[in-house]
Amino acid sequence: QVQLVESGGGLVQPGGSLRLSCAASGSISNINTMAWYRQAPGKQRELVATITSGGNTNYADSVKGRFTISRDNAKKSVYLQMNSLKTEDTAVYYCNIPPAPTTGWRAYWGQGTQVTVSS
């Protein structure tokens with residue numbers, strides 16, 4: 001069994017910062033890509049950022065320059081530093097490991113952590 005556990009969500013004022021963390025546990029190793037998604041009320045889940053085991057990153061246009069994804073391969077963990085938060089960043093944020101040979105071609109998701117940006 002593989003579990004992804006997120007933490008770090010909460011309530012923050014516009015312009016503030018939060019750091020999300022996600023740790024993978026269980027029978028998984030050599031994780032290639034890890035990602036963060038988010039889903040706002042009434043909207044589809046959208047990709048926020050990805051990072052490979054080699055450190056290559058990609059971001060949604062809406063968060064470029066404000067969010068930074070990073071990871072610690074030894075800890076099987078991924079992080080999302082969110083700065084200059086906007087009200088439109090309010091969503092449930094999910095950690096993800098996409099399908100890959102090392103996952104038996106299945107995806108894994110965390111339970112989600114709520115981020116609310118409001119004054």
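**Exercise 1. Place Ser-21 in its surroundings.**

Is Ser-21 buried or exposed? Ser-21 is buried, with a relative accessible area of 18%; here buried means under 20% relative accessible area, exposed over 50%, and partly exposed in between, using a 1.4 Å probe and protein chains only. Before going on, please note that this is a predicted model, where local features need pLDDT of at least 70, side-chain atom pairs count only at pLDDT 80 or more, and totals for chains, interfaces and linings use all residues. Residues are numbered from 1 along each chain as its sequence is written, and side-chain values use heavy atoms, with hydrogens and water left out.

Step 1: find the element. Ser-21 sits in strand 3; strands (E, at least two residues) are DSSP runs numbered from the N terminus.

Step 2: list the contacts, meaning heavy atoms within 4.5 Å. Apart from neighbours within four places in sequence, Ser-21 touches Val-5, Glu-6, Ser-7, Trp-36, Val-78 and Tyr-79.

**Exercise 2. Work out the sheet around strand 3.**

Step 1: write down the order. Strand 3 belongs to an open sheet of four strands, ordered 1-3-8-7 and paired antiparallel. Two strands pair if DSSP finds at least two bridges between them.

Step 2: find the edges. These are strand 1 (2-7) and strand 7 (67-72), each pairing on one side only. From one strand to the next, the twist averages 15 degrees. Strand axes are lines fitted to C-alpha atoms, and angles run from 0 to 180 degrees between N-to-C directions.

Step 3: follow strand 8 on both sides. Towards strand 3 (residues 18-26), strand 8 (residues 77-82) is joined by six bridges, and Ala-23 faces Ser-77. Towards strand 7, six bridges again make an antiparallel pair, with Ser-77 as the bridge partner of Asp-72.

Step 4: look at the turn. Four residues separate strand 7 and strand 8 in their hairpin, and Lys-76 in the turn has a positive phi of about 50 degrees.

Step 5: explain the setting. Why is strand 8 largely enclosed by the rest of the structure? Five of its six residues are buried, so the remainder of the structure largely encloses strand 8.

**Exercise 3. Describe the disulfide.**

Step 1: identify the pair. There is one disulfide, a pair of cysteine sulfur atoms within 2.5 Å. Cys-22 and Cys-95 form it, with their sulfur atoms 2.1 Å apart.

Step 2: see what it connects. Cys-22 is in strand 3 and Cys-95 in strand 9 (residues 91-97), so the pair ties together parts 73 residues apart in sequence.

Step 3: assign the handedness. The S-S torsion is about -80 degrees, so the disulfide is left-handed.

Step 4: check burial. Cys-22 is buried at 1% relative accessible area, and Cys-95 is buried at 0%.

**Exercise 4. Trace the salt bridges of Arg-38.**

Step 1: take the total. The structure holds four salt bridges, each a side-chain nitrogen of Lys or Arg within 4 Å of a carboxyl oxygen of Asp or Glu.

Step 2: find the partners. Arg-38 meets Glu-46, with the closest N and O atoms 2.6 Å apart, and also Asp-89, at 2.9 Å from N to O. Asp-89 lies in the loop between strand 8 and strand 9 and Arg-38 in strand 4 (residues 34-39), so this pair ties together parts 51 residues apart in sequence.

Step 3: compare accessibility. Arg-38 is buried at 5%, Asp-89 is buried at 0%, and Glu-46 is partly exposed at 35%.

Step 4: put the network together. Arg-38, Glu-46, Arg-66 and Asp-89 are linked by salt bridges.
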